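Me: I would like to learn how to read surface patches and burial in a model. Can we work through one case?

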Amino acid sequence: MTSLPQLYRSVLRQFVKNSIHPRGERSPTIPAHLRLLIESGRTIKPSTPAAVQFGKDVENLVVFMKAHRLHKALVERYNPTHDLTQAERAEKSANMVGLKFPKQFEQGDVVPTMEQGRNRPNPKVGEDGKGTLQTMFAPEQ
């Protein structure tokens, strides 16, 4: 079994490698909590089943953090669209097969949808509530 300082250093090393923030912007509370976790292991008598289990748990934490970092790198490498929005992903997919994605009409912050067109009242309605041929083909005013 490895010693508690070695476990702490390996956990802290993996935390630093997994961090997405530069050193100055990292939260100091996470390393403090990790230190408290390792310090709680000092209260366990060495070479007891509880101490062995604690060491295995901390080693599993290190393995998990390594695997998480590796998984993240593989997803970025083999799935380049994982961090895109739905519209950007659709545009990239269309480009992959040689099509050009049509430009979306946007008026300010409003993006038109099919539902908006269906729910719009028709201003030129006949007496029975239906449009007439005259209103259908009349020029817009």
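Reply: We go from the overall fold to the surface patches and then to a buried residue. Keep in mind that this is a predicted model.

Me: What does the secondary structure of the chain come to?

Reply: The chain has six helices and zero strands. Along the sequence the pattern reads α-α-α-α-α-α.

Me: How much of the accessible surface belongs to carbon and sulfur atoms?

Reply: The accessible surface of the chain is about 12100 Å², and carbon and sulfur atoms account for 58% of that. As for burial, 13% of the 141 residues are buried.

Me: Which residues form the positive surface patch?

Reply: The general idea is that like charges are joined into a patch within 9 Å. Here R9, R13, K17 and K66 form the positive patch. Helix α1, residues 4-18, supplies the largest share, three residues. K66 lies in helix α3, which covers residues 49-78.

Me: Why does K66 count as partly exposed?

Reply: Partly exposed is the class between under 20% and over 50% relative accessible area. K66 has a relative accessible area of 44%, so K66 is partly exposed.

Me: And where is the patch of negative charge on the surface, in terms of residues?

Reply: E76, D83, E88 and E91 gather there. One of them, E91, lies in helix α4, residues 86-96. E91 counts as partly exposed because its relative accessibility is 41%.

Me: Which residues make the nonpolar surface patch?

Reply: For nonpolar side chains the joining distance is within 5 Å. In this structure L70, L74 and Y78 make such a patch, with an area of about 340 Å². L70 is in helix α3. At 53% relative accessibility, L70 counts as exposed.

Me: Now Q14: is this residue buried or exposed?

Reply: The cut-off for buried is under 20% relative accessible area. Q14 has 4% relative accessibility, so Q14 is buried. The residue sits in helix α1.

Me: What does Q14 touch, leaving out residues up to four places away in sequence?

Reply: Q14 touches V62, M65, K66 and R69. K66 is a familiar name here, being also part of the positive patch and located in helix α3.

Me: How do I read contacts for the chain as a whole?

Reply: The idea is to look at how far apart in sequence the contacting residues are. Among contacts between residues at least 6 apart in sequence, 45% join residues at least 24 apart.

Note on methods:
Residues are numbered from 1 along each chain as its sequence is written. This is a predicted model: local features need pLDDT of at least 70, side-chain atom pairs count only at pLDDT 80 or more; totals for chains, interfaces and linings use all residues. Side-chain values use heavy atoms; hydrogens and water are left out. Patches are made of residues with over 30% relative accessible area and no salt bridge: like charges are joined within 9 Å, nonpolar side chains (Val, Leu, Ile, Met, Phe, Trp, Tyr) within 5 Å. Accessible areas come from the Shrake-Rupley method with a 1.4 Å probe; for residues, only the protein chains shown count as cover. A salt bridge is a side-chain nitrogen of Lys or Arg within 4 Å of a carboxyl oxygen of Asp or Glu. Lys and Arg count as positive and Asp and Glu as negative; His and the chain ends are not counted. The place of a charge is taken as NZ of Lys, CZ of Arg, CG of Asp or CD of Glu. Helices (H or I, at least four residues) and strands (E, at least two) are DSSP runs, numbered from the N terminus. Buried means under 20% relative accessible area, exposed over 50%, partly exposed in between (1.4 Å probe, protein chains only). Contact means heavy atoms within 4.5 Å.
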